[in-house]
Amino acid sequence: MMRLSEPDHDSSLSVAPDMSAHAGPSSLGGVFDGFAGTNGASGHTNGFGPVSNGASPLGNGISKHGKTIPRVTLPGTTLYDDSFVDREEFVRLVIQSLRDVGYIESAATLEAESGYTMEAPEVTQFRQYILEGMWPKAEAALMRLGVHEEDGLWDAKFLISRQKYLELLEGKKPTAALQVLRNELAPSNVDPDKLHSLSSLIMCSEPEDLRRRAAWDGASGMSRHQLLDTLHDYIPSAVMIPQRRFASLLNQARSYQLQRCIYHNSTLNSSNFSLFSDHRCNKSEFPSMTTTILEIHTDEVWNIEWSHDGAYLASASKDKTAIIWRRGKPSVDSSSSAQDWTAHLILRDHPYPLGCLTWSLDDSILLTSTEQFIKMWNTKTGVCIRTLEEHTETVTAISWLPDGTGFISGGLDRKIVIWDADGKVRDAWGPTGIRLTDLAVTPDFTRLVAVGMEHPQSFPSAPEPNQTRGGAQSGDAPPAPGGNGVHGVALRTTHRMMVFDLATKQTELSIRLDGDLTSVQISQDSRYALINHAPNEIHLWDLTTGQIACKYEGQTQGHHVIRSCFGGVDGNFVVSGSEDGKVYVWHRDSGTLLETLSGHGEGSVNSVAWNPTNERMFASCSDDRTIRIWEAPVQESHYSEQPIAGLTHPPPPSSLAETGKGKTRQ
């Protein structure tokens, strides 16, 4: 193990000589064994593995304020008798953490009392070499720090040579830079494209151009610190402890506790997360109680969506109207969480029942779809701005683009249309291989995920592997059993999930699935797609691996379009309606069914939507013509459900032929 040396005479350590103690990443704050402590400058923390005594000039104690601090000798090598934690590793991490937060003298005292030191002089030297641009010495020190050829010695040397090369170019020394390129970078067996990119930088006439093209901030910026951080990957962690290692371990512990907390639904901060106890959210704080019933629609309510500010909720109904509901503030004289909801606007000018709706990013425009038409509404005045007629069959999906520049739509006509924000066609795909039933764009604006029924001429009728990626077969995806046709067709229809590169329109993933696919939602990190898969399942697809990450079961779905969503803090929950009139809530990562919420009347709960600004509120809509607002129960509240009434009802639907609830013509 690495301990402080034990010379024959006592020695004293002046902690942080000639400078005041300051917070910073693992700063020795002074001179150590003849080498300047540069941890504070590097922004990194370090350590050194087991070496012989003599790594430090400190003796059995240090003189501090006239008192000698004796070294404590403890039996064994673990932190406790029944612990697996190595005492030396633990103490060195504590020393590192003390220096990180600014307790420089306390760190030095602990070093003296324990006999352990956080790092050896060789590590301090190496850091100094990198930060001061002493490149030959830095390369020579790599092997002394335990970096060998099989561990990436050549890769580490390449990174150092690259920094040297860029700094020479920045200093307008092209001849010396060319020598580094030929003698050090080229022989490193680096990727030819990377080498060509580096060689092209010689043509830069100005340092500003060099820094821009190389995506590099220069010798005077943070590039040397970033280089040192990258080199941590090649140096054994026992030699150079990773930056803020204790904090990293605590974050891992917190992440584990969050995964175990299936009702987690609060933003963590210092006020609600403590090291003194395990994190656990109270089930009573979950939104499981109906606080408001919105009851104006005269027929089944098929879809709902919140505005981005969470203050309005839009609903689409079979009665050919869309309603924009305004959420008020909780009653001052009420102990419940009930709020004063009003019907802000009733949008009646639709020739057919409504299927889809979506808000613009600034909430100034609401889009609604009614058969093959898309209508644009001013959400302040209720005026229909424009009616769009690009599609020739039922529009089954509309979604605003993540960058706010426009929106995208898809339909049974196999078309995907990208529109400008003013309703002009920007681009159109098609015909695709599926009659689309839903689509969604990933928040990172790189992919489009679509589901729908296979078009007979687009895919072979012969058996094929269920999954293809980039045109190459890559094995079977888990099939779901065939279910009742959402569209009322007696014959089984094969469905498919397809993932497109949004920029190139090329297919990244194509998976044939039995059973109806009725809705798509994308997680905020753009990694997962949540897909309702009849009968009676919801699948969470990992878009990176092309595999099912989790299945959710319990709800009923066989004939109708049911739309699910992510909910809660960090999208920790999956919520869905059901044909049995209930709302189902699962823990996203484990698939555990958490809640089965009753309250709606007869018929299906068709869609759910979680409030984007209030993690303790979501809404559901149903065939019973109502919308329910769900919130966390208020302690000792005797609230009773009261529908919102007294508002003008829209006229009854006409006798015009309709296609059925959530159903579309084949």
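1. Arg 625 counts as partly exposed, because its relative accessibility is 42%. In this predicted model, Arg 625 belongs to the loop between E33 and E34, and its phi is near 75°, which is a positive value in a residue other than glycine. A reader may want to keep in mind that most residues other than glycine have a negative phi.

2. A second residue with this kind of backbone angle is Lys 172, which is not a glycine and yet has a positive phi of about 60°. Lys 172 is placed in the loop between H6 and H7, and because its relative accessibility is 53%, it counts as exposed.

3. The helix that follows in this note is H7, residues 174–185, in which Ala 177, Val 180, Leu 181 and Leu 185 are buried. Viewed down the axis of H7, these buried residues fall within an arc of 100°, and therefore they line one face of the helix. Their packing partners are helix H6 (153–170) and helix H8 (192–200), whereas the face of H7 turned away from the buried side carries Thr 175, Arg 182 and Asn 183, which are exposed.

4. On the side chains of Trp 154 and Lys 157, the point to record is that the charged end of Lys 157 sits over the ring of Trp 154, at 5.7 Å from the centre of that ring.

5. The structure holds 15 aromatic pairs. In one of them, the ring centres of Tyr 263 and Phe 286 are 5.7 Å apart and the ring planes stand at 80°, so this pair is edge-to-face. Both residues lie in the loop between helix H11 (245–260) and strand E5 (289–294), 23 residues apart, and the pair links distant parts of the chain. Tyr 263 is buried, as is Phe 286.

6. The pair of Phe 618 and Trp 630 has its ring centres 6.0 Å apart and its planes at 10°, so it is stacked. Because Phe 618 lies in strand E33 (residues 617–622) and Trp 630 in strand E34 (residues 627–631), the pair ties together parts that are twelve residues apart in sequence. Phe 618 and Trp 630 are both buried. These two residues belong to one aromatic cluster with Tyr 263, Phe 286, Phe 573 and Trp 610.

7. UniProt, in an unreviewed entry, places the feature "repeat: WD" at residues 294–325, 388–420, 570–596 and 602–631. For residues 294–325, the span is 0% helix and 53% strand, with its end C-alpha atoms 9 Å apart. For residues 602–631, the chain is 0% helix and 57% strand, and the end C-alpha atoms lie 22 Å apart.

8. Strand E6 (residues 301–306) has five of its six residues buried, so it is largely enclosed by the rest of the structure. The pairing of E6 with strand E7 (residues 312–317) is antiparallel and runs over five bridges, and within it Ile 304 stands opposite Ser 315 in E7. The hairpin of E6 and E7 has five residues between the strands, and Gly 310 there takes a positive phi near 75°.

9. Two cis peptide bonds deserve a check against the model, given that most peptide bonds are trans. One runs from Gly 430 to Pro 431, with omega near 0°, and Pro 431 is located in the loop between strand E17 (425–429) and strand E18 (434–441). The other runs from Ala 534 to Pro 535, with omega near 5°, and Pro 535 is located in the loop between strand E25 (528–533) and strand E26 (537–542).

10. Gln 555 is a loop residue, between strand E27 (547–553) and strand E28 (565–567), and because its relative accessibility is 2%, it counts as buried. When neighbours within four places in sequence are left aside, Gln 555 is in contact with Asn 536, Glu 537, Ile 538, Gly 577, Ser 578, Tyr 584 and Trp 586.

11. For the chain as a whole, the secondary structure comes to eleven helices and 35 strands, and 51% of the 666 residues are buried. Of the contacts between residues at least 6 apart in sequence, 57% join residues at least 24 apart.

Methods: Residues are numbered from 1 along each chain as its sequence is written. This is a predicted model: local features need pLDDT of at least 70, side-chain atom pairs count only at pLDDT 80 or more; totals for chains, interfaces and linings use all residues. Side-chain values use heavy atoms; hydrogens and water are left out. UniProt positions are given in the numbering used here, feature names are shortened, and annotations may be inferred rather than shown by experiment. Helices (H or I, at least four residues) and strands (E, at least two) are DSSP runs, numbered from the N terminus. Rings of Phe, Tyr and Trp (its six-membered ring) pair if their centres lie within 6.5 Å; planes under 30 degrees apart count as stacked, over 60 as edge-to-face and the rest as tilted. Buried means under 20% relative accessible area, exposed over 50%, partly exposed in between (1.4 Å probe, protein chains only). A charge sits over a ring if NZ of Lys or CZ of Arg is within 6 Å of the ring centre and within 35 degrees of the ring normal. The arc is that of the directions from the helix axis to the C-beta atoms. Contact means heavy atoms within 4.5 Å. Two strands pair if DSSP finds at least two bridges between them.
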